[in-house]
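I sat down with this model to look up a few spots before going back to the bench. Notes are below, in the order I checked things.

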Amino acid sequence: MLPRLAFIDVETTGANPVVDRVTEIAILRVENGVLVERWSSLVNPGMGIPPSIQGFTGITDAMVAGAPQMRIPRYCRASVSTSTASHIALSSDGPTTITP
C-alpha cells in the first residue's frame, strides 16, 4: 500500500519570506498513487505583484484583487528561516522536501 500524500504548491510575490506574500495555494491529495482530490485558491497578497513575478507565474494584480487575504500570525512569520522549498510532500511520516 502506498502512503497518502498531499502535495502543496505556493506561489508568492517573490522569494523573500519577510516581505513577500502568498498569491496562490494549490493542494493535490493522492491515495495509493491515485489523485483523489485537488483544491486551489488565489490569494490577495495586499500588495502589488512585481511584473517579473507576474510573467513567471501568470498571476496578475487583477486576478487576485477579489481573492481572500491570508493572515499568518506574527509568531509564525518570526520563525521563518532562510531555507525554503518550492514543493513539500506531507505524509504520515512528516514533511519531506521534494524540490528544493
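My entries cover a strand pair, a surface patch and one loop residue.

**Entry 1: the hairpin.** I reminded myself that this is a predicted model. I started with β2, residues 22-31, and β3, residues 34-42. I found that they pair in the antiparallel sense, over eight bridges. I then looked for the partner of I27 in β3, and the bridge goes to W39. At the turn I counted two residues between the strands, and N32 has a positive phi there, near 55°.

**Entry 2: the patch.** Which residues make the nonpolar surface patch? I got F7, L28 and L35, with an area of about 220 Å². I followed up on L28, which sits in strand β2. Is L28 buried or exposed? Neither, as I read it: L28 is partly exposed, because its relative accessible area is 36%, between the 20% and 50% cut-offs.

**Entry 3: T13.** Next I went to the loop between β1 (5-12) and β2, where I found T13. T13 has a relative accessibility of 2%, so I put it down as buried; the cut-off for that is under 20%. What does the T13 side chain make a polar contact with? I traced it to the side chain of D20, at 3.0 Å.

I also listed what T13 touches, leaving out residues up to four places away in sequence. Besides D20, the list has R21 and T23, then P45, M47, G48, I49, P50 and I53.

Key:
Residues are numbered from 1 along each chain as its sequence is written. This is a predicted model: local features need pLDDT of at least 70, side-chain atom pairs count only at pLDDT 80 or more; totals for chains, interfaces and linings use all residues. Side-chain values use heavy atoms; hydrogens and water are left out. Two strands pair if DSSP finds at least two bridges between them. Helices (H or I, at least four residues) and strands (E, at least two) are DSSP runs, numbered from the N terminus. Patches are made of residues with over 30% relative accessible area and no salt bridge: like charges are joined within 9 Å, nonpolar side chains (Val, Leu, Ile, Met, Phe, Trp, Tyr) within 5 Å. Accessible areas come from the Shrake-Rupley method with a 1.4 Å probe; for residues, only the protein chains shown count as cover. A salt bridge is a side-chain nitrogen of Lys or Arg within 4 Å of a carboxyl oxygen of Asp or Glu. Buried means under 20% relative accessible area, exposed over 50%, partly exposed in between (1.4 Å probe, protein chains only). A polar contact is a pair of N or O atoms within 3.5 Å; within protein, one must be able to donate a hydrogen and the other to accept it, and residues adjacent in sequence count only if both atoms are side-chain atoms. Contact means heavy atoms within 4.5 Å.
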